[in-house]
Structure formats: C-alpha cells, structure tokens
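The following exercises invite the reader to examine a structure step by step. Each task is followed by a worked solution.

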Amino acid sequence: MTRAIASAEILSVGSELLVGETRDTNSGDLAADLSLRGVQVIRISALPDRLDLVSGAFRAALDSADLVVSTGGLGPTPDDLTREAIAQVCGLEPHVDPGLERWLRDMFARRGLAFVEANLKQAWLIDGAASLPNANGTAPGWWVERPGGKVIVALPGPPREAWPIWQGEVVPRLELRGVGADRYAETLRLTGVGESALVELIGEERLRAANPIVATYARVDAVDVRISALGADGRSAHDLVEAMLAEVMPRLASFVFARGVETWVDALDRRLRGRTLATVEIGTAGQLGVLLGKADWLVFAELLGAGSALAAEHRGAKAFAARVREVAGSDVGLAVRVRERGGDTAVTIAVALDGQVTQVTRTAFLGGESGRRRAALLACAELWTRLGP
C-alpha cells in the first residue's frame with residue numbers, strides 16, 4: 001500500500017519572478033492549502049528559466065519530499081522548460097500526445113486562430129504521466145507518479161489557470177492517493193502587544209520547542225501566535241496543541257481578539273452582539289472603512305478631509321462620536337481623527353456607547369499611508385476594548 005503524502009516542495013519557475021516583473025502568489029496559496037490538508041511544506045523556491053537549475057531543483061525536491069508542485073514554465077516558447085526538466089529528471093523523452101494535439105488544434109480552430117506548430121510543445125507528455133485539463137488556457141498540467149510513491153504536479157503559471165486545475169484536478173487525485181499526516185494548528189490573533197513582548201510572555205523554552213511549534217508573526221492587522229503539532233508518542237496533534245494552548249492562554253488572553261483567519265469584523269461582531277455602529281473618519285483617507293468593509297452592523301460611515309469645513313466645526317473627537325451616533329440612530333458611535341506629528345501619526349479615538357463618550361489619544365508608528373492604516377487598527381482595538389467581553 002502506498003503511504004500517504006506527508007511533505008511537499010513548491011517550485012515557482014520563471015525568470016520574471018526573480019526580477020520583480022511578476023509576483024508569485026501561487027506558492028502561498030498552494031502552501032496554505034497543503035498545510036490545511038496535513039502536508040508539511042518544507043521548502044518554496046523561485047527559479048529562472050534555466051534547464052540545469054530547474055531540473056536540479058526537481059531532483060533535489062524529489063529527494064526530500066513526497067510531493068513536488070511546480071507552477072510556470074509550461075508555455076510554448078523555448079524558455080518554457082518545466083516539461084523538459086521533469087523529463088530529464090525522470091530519464092524519459094517527451095512526445096506529442098495525440099489526444100492533447102487534437103484538443104489544442106480544435107481550440108485554435110474554434111477561436112479562428114492560426115495554429116503555430118510551436119504550440120505542439122503544450123501537447124507533450126512523458127510515459128507514465130497524465131495531463132491535467134486546463135479550461136482557462138492552452139497549457140495542460142502534468143501529474144507524474146514516481147517510484148516510491150512520490151508525485152510531481154506541474155501547473156501553469158497564471159493563477160486563473162493554476163488554481164482551478166489544482167482544485168478540480170489535483171486535489172481529488174491527492175485525496176484518492178492519500179494525503180496528510182496527523183497535524184493540527186491553532187492561530188491566536190493579538191492586539192496591543194508586540195512580537196518582542198511575546199518572547200517574555202510565552203517564554204523562550206516554548207518558542208524553541210520542536211513539537212508543538214509556537215511561532216509569532218507580525219501581520220498587517222495583528223500579531224499572530226501559531227501553535228502547530230504533529231501527532232507523536234501516542235498523543236494526537238490536537239491534544240498537543242490544546243495542551244500548549246492551556247499553558248499560554250492565561251498569559252495572552254487579554255490580547256486575543258480573534259482566532260484562525262478571523263478578522264476585526266468578526267471580532268467586533270461578537271462584541272457588538274446585534275448592536276449597530278456608525279463611524280466618522282477625519283484625515284484617515286478611509287482606512288477604517290477599508291478595514292470594516294461591508295459589515296452588516298456598520299449602518300453609517302462618514303469620511304472627512306482633515307481640512308474640511310465640517311471637520312473644523314467640532315474641536316474634539318468626542319463631539320464627532322456623539323454626533324455620528326445621533327445622526328445615524330445607531331447604538332454605538334466611533335470617531336477617529338489623525339494628525340501627523342514628527343514622522344509618526346497622532347490618533348484620537350472616541351467611542352459613544354451606553355450614554356457615555358470616552359476618548360483616548362494614541363501614537364501610530366510612521367506617517368502617511370502606513371500611519372493612517374495603523375490608526376484604523378488602533379480605532380478597532382479601542383472599540384473592541386470599550387465594548388467589553
């Protein structure tokens with residue numbers, strides 16, 4: 001019986017990735033999907049259009065991982081070398097597959113386009129490989145099974161082509177083949193604390209542990225603490241993660257506003273508990289609105305320029321919070337006003353709630369767009385705190 005696929009490497013092929021002309025979003029999406037399926041991604045590599053480097057990367061990846069997934073290099077031009085690299089590593093010669101050739105010629109004919117013979121490269125296969133249909137382009141993918149149960153998957157580069165093939169063709173094959181180990185992970189999303197402070201809160205011993213792994217990540221909207229484990233010594237991955245959570249949560253609970261992929265919208269929704277919110281932003285360029293999006297409970301949102309006449313009518317954010325709540329007829333009013341000071345951003349936040357209006361002033365790191373974005377996050381954190389548990 002073939003063992004389940006437990007590890008993977010991802011190869012992104014294309015010189016354009018290494019000069020910044022194209023950004024690689026495929027690798028992150030694939031890594032996230034594989035991780036959710038219990039597959040450990042052990043390396044992600046970007047490679048130029050050089051046959052020696054691409055074939056070498058495939059060879060090394062097959063030595064270390066159960067699954068190798070590549071994106072890019074499946075076009076019809078001489079610098080599209082992924083097929084050649086896979087064939088070279090497998091010790092096989094590619095040939096034109098009659099079925100793929102018919103499909104390609106028919107596609108061009110239906111579109112009224114001349115068929116250039118160079119396109120036949122996209123009909124190549126090697127013995128033992130299966131083509132992965134591409135409904136959104138002219139480059140089918142490849143599924144190649146190797147001795148020892150290892151698998152190569154080659155996908156086209158454009159995400160609009162790669163992702164549908166991955167979901168519609170590759171994932172079903174992986175599930176039939178057997179994928180994943182006993183892995184489990186939980187992510188805590190924190191506000192009001194920095195990564196450096198987390199070292200002391202969590203403890204270096206826990207941060208250096210091999211199983212479960214406790215890691216911190218500074219995100220745009222939060223600091224994340226991810227706890228992941230692999231089942232071992234008769235204990236499930238879930239139990240190992242839960243045991244670590246029991247150790248760290250008393251230290252982190254006051255900072256945790258969300259879990260997993262939850263956002264500020266999810267966190268505020270829980271604390272609003274059916275209440276409605278109205279907001280006014282002054283000088284933020286709409287960053288708070290971007291963060292909250294189209295939340296059902298956001299019933300009114302006003303954006304004022306820092307120098308507008310209306311902004312000058314009221315001296316404090318308190319007046320704006322109370323006024324926007326009254327105008328909108330909402331349960332809660334939130335006002336945020338920013339001013340750049342000394343390279344950073346002064347942020348005044350007021351919350352009108354339960355007949356009281358509170359106001360605080362914070363400093364957001366940096367000015368400009370970065371400072372305005374951080375100001376919106378500070379406003380969400382202040383509102384979350386005022387709403388209470």
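Throughout, a residue is called buried when its relative accessible area is under 20%, exposed when that area is over 50%, and partly exposed in between (1.4 Å probe, protein chains only). The model is a predicted one, in which local features need pLDDT of at least 70 and side-chain atom pairs count only at pLDDT 80 or more, while totals for chains, interfaces and linings use all residues. Residues are numbered from 1 along each chain as its sequence is written, and side-chain values use heavy atoms, with hydrogens and water left out.

**Exercise 1. Salt bridges**

Task: Determine how many salt bridges a search of the whole structure finds, and describe the pair formed by Asp 33 and Arg 37.

Solution. Step 1: apply the criterion, which asks for a side-chain nitrogen of Lys or Arg within 4 Å of a carboxyl oxygen of Asp or Glu. The search of the whole structure yields 20 salt bridges.

Step 2: consider Asp 33 and Arg 37, whose closest N and O atoms are 2.8 Å apart. Asp 33 counts as buried because its relative accessibility is 13%, whereas Arg 37, at 28%, counts as partly exposed.

Step 3: turn to Arg 105 and Glu 117, a salt bridge with its closest N and O atoms 3.4 Å apart. This pair links distant parts of the chain, for Arg 105 belongs to helix H5 (residues 98–110) and Glu 117 to the loop between H5 and strand E5 (124–125), 12 residues apart. Here helices (H or I, at least four residues) and strands (E, at least two) are DSSP runs, numbered from the N terminus. Arg 105 is partly exposed, with a relative accessible area of 33%, and Glu 117 is partly exposed at 47%.

Step 4: examine Arg 208 and Glu 204, whose salt bridge has its closest N and O atoms 3.3 Å apart. Arg 208 is exposed, with a relative accessible area of 66%, while Glu 204 is partly exposed at 47%.

Step 5: note finally that a network of salt bridges links Arg 189, Arg 219, Asp 221 and Asp 224.

**Exercise 2. Aromatic pairs**

Task: Classify the aromatic pair of Phe 257 and Trp 264 as stacked or edge-to-face, and state which residues form one aromatic cluster.

Solution. Step 1: recall that rings of Phe, Tyr and Trp (its six-membered ring) pair if their centres lie within 6.5 Å, and that planes under 30 degrees apart count as stacked, over 60 as edge-to-face and the rest as tilted. A search of the whole structure finds four aromatic pairs.

Step 2: for Phe 257 and Trp 264 the centres are 3.9 Å apart and the planes differ by 5 degrees, a stacked pair. Phe 257 is buried because its relative accessibility is 3%, and Trp 264 is buried because its value is 2%.

Step 3: Phe 257 also pairs with Trp 384, edge-to-face, at 6.5 Å centre to centre and 75 degrees between the planes. Since Phe 257 lies in strand E12 (residues 256–259) and Trp 384 in helix H14 (residues 368–387), the pair ties together parts that are 127 residues apart in sequence.

Step 4: Phe 257, Trp 264 and Trp 384 together form one aromatic cluster. In addition, Arg 271 lies over the face of Trp 384, 3.9 Å from the ring centre (NZ of Lys or CZ of Arg must be within 6 Å of the ring centre and within 35 degrees of the ring normal).

**Exercise 3. The nonpolar core**

Task: Identify which residues touch the most other members of the largest nonpolar core, and which element gives the most to this core.

Solution. Step 1: a nonpolar core is a set of buried Ala, Val, Leu, Ile, Met, Phe, Trp, Tyr and Cys residues joined through side-chain atoms within 4.5 Å. The largest such core has 32 residues, of which Trp 264 and Leu 268 touch the most other members.

Step 2: the elements that give two or more residues to this core include E12, helix H10 (264–272) and helix H11 (287–292). H14 gives the most, with nine residues.

Step 3: apart from this core lies another, of 29 residues, among them Ile 86, Ala 87, Leu 125 and Ala 154.

**Exercise 4. The surroundings of Leu 387**

Task: State where Leu 387 is placed and which residues Leu 387 touches.

Solution. Step 1: Leu 387 is in helix H14, and is buried, with a relative accessible area of 7%.

Step 2: not counting residues up to four places away in sequence, Leu 387 touches Leu 268, Arg 271, Leu 272, Arg 273, Arg 275, Val 332 and Leu 353, where contact means heavy atoms within 4.5 Å.
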